[in-house]
Amino acid sequence: MRNVIIAGNWKMYKDLRETAELLDGLKSLLKSVKPHVTAVVCPPYTSLALAAEKLRGTPVRLGAQNMWHQDEGAFTGEISWKMLKSAGCEYVILGHSERRQYFGETDELINAKARKALVNGLLPIICVGETLAQREKGVTSQVVSAQVKGVLAGLTETDMAKVVIAYEPIWAIGTGKTATPAQAQEVHHTIRQLVGEMFPTHVADQLVIQYGGSVKPDNAAELLAQNDIDGALVGGACLKADSFASIVNASK
Ligand code: PEP
């Protein structure tokens with residue numbers, strides 16, 4: 001059985017007071033999680049140190065929403081792996097569609113970020129996904145496959161044991177439109193098959209592939225029951241302790 005990872009992407013929500021409130025709620029609801037399940041929260045940078053303190057001794061892990069691909073330097077407004085690690089992060093989301101759309105991130109840049117994260121002991125959650133126009137044109141599989149090849153280029157088998165891929169159809173993010181379990185399963189299967197062609201089969205078999213796009217407490221169990229869906233990347237529904245906790249507990 002593959003591990004299940006449920007990660008909450010807080011995006012640009014929650015100041016310090018709100019962070020404390022949400023994490024206090026989560027702490028009381030997630031005192032324990034199933035042994036094969038990992039729950040991760042990814043607050044904004046300003047809340048990371050506080051979150052690390054609040055989550056000490058709980059099963060909930062900490063992640064960031066992005067990072068730059070160089071160690072340090074004159075990169076105003078950016079953040080490094082070292083800063084994230086010193087704030088207590090174990091995970092980092094890379095290549096979220098909002099980063100691709102609003103900040104021009106390419107597969108090549110995301111690949112550079114993933115390599116930097118891996119070499120320095122951060123676990124990357126790498127996002128891929130098609131637009132509505134691409135889905136309607138029938139090119140979902142080609143688009144997602146090209147992204148997967150690009151973001152994983154040059155990674156080793158050892159790297160792959162630490163990588164999580166999040167399939168997030170852009171048309172389902174923040175829209176309330178979820179991919180049906182069958183639609184999501186089809187793309188997850190394509191990703192796993194492709195990874196099996198790029199790496200030895202056991203790498204593909206062990207790879208955690210999350211689904212993201214309007215995952216809510218009432219649709220999580222059905223999505224997570226699919227063969228190739230091993231977790232969720234959750235936006236809106238992770239901003240309330242009870243809904244995030246119920247998604248964490250919905251996993252197979
Ligand atoms: C996301 O931001 O990664 C996401 C999936 O958002 P939502 O759950 O709100 O669709």
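In this predicted model, R17 and E21 sit 4 residues apart in helix 1, so about one helical turn separates them. Their side chains meet in a salt bridge, with an N to O distance of 3.1 Å. Both R17 and E21 are exposed, so this pairing is made between residues that each pass the cut-off of over 50% relative accessible area.

That bridge is one of several: the count for the model comes to 13 salt bridges. As a general point, side chains of opposite charge can pair when their charged atoms come close. Another of these pairs joins E98 and K11, whose side chains meet at 2.8 Å, N to O. Here the partners come from separate parts of the chain: E98 belongs to helix 4 (residues 97-103), while K11 is in the loop between strand 1 (4-9) and helix 1 (16-29), so the salt bridge ties together parts that are 87 residues apart in sequence. As for accessibility, E98 counts as partly exposed because its relative accessibility is 24%. K11, on the other hand, has a relative accessible area of 18% and is therefore buried, given that the cut-off for buried is under 20%.

Next comes a pair in which each partner is buried. The side chains of E105 and K113 form a salt bridge with an N to O distance of 2.7 Å. E105 has a relative accessible area of 7%, so it is classed as buried. For K113 the relative accessibility is 1%, and this residue therefore counts as buried too. Elsewhere, salt bridges do not stop at single pairs: R2, R192, D228 and D230 are joined into one network by salt bridges that share partners.

Turning from charged pairs to a polar side chain, N219 has its place in helix 11, which spans residues 217-224. With a relative accessible area of 14%, N219 is buried, so it falls under the 20% cut-off. What lies 3.0 Å from a polar atom of the N219 side chain? The partner is the backbone oxygen of S214. Leaving aside residues up to four places away in sequence, N219 touches S214 and also T178. S214 thus turns up twice around this buried asparagine, as a residue that N219 touches and as the owner of the backbone oxygen at 3.0 Å.

Taken together, the pairs described here differ in their surroundings: R17 and E21 are both exposed, E98 is partly exposed with a buried partner in K11, and E105 and K113 are both buried.

Methods:
Residues are numbered from 1 along each chain as its sequence is written. This is a predicted model: local features need pLDDT of at least 70, side-chain atom pairs count only at pLDDT 80 or more; totals for chains, interfaces and linings use all residues. Side-chain values use heavy atoms; hydrogens and water are left out. Helices (H or I, at least four residues) and strands (E, at least two) are DSSP runs, numbered from the N terminus. Buried means under 20% relative accessible area, exposed over 50%, partly exposed in between (1.4 Å probe, protein chains only). A polar contact is a pair of N or O atoms within 3.5 Å; within protein, one must be able to donate a hydrogen and the other to accept it, and residues adjacent in sequence count only if both atoms are side-chain atoms. Contact means heavy atoms within 4.5 Å. A salt bridge is a side-chain nitrogen of Lys or Arg within 4 Å of a carboxyl oxygen of Asp or Glu.
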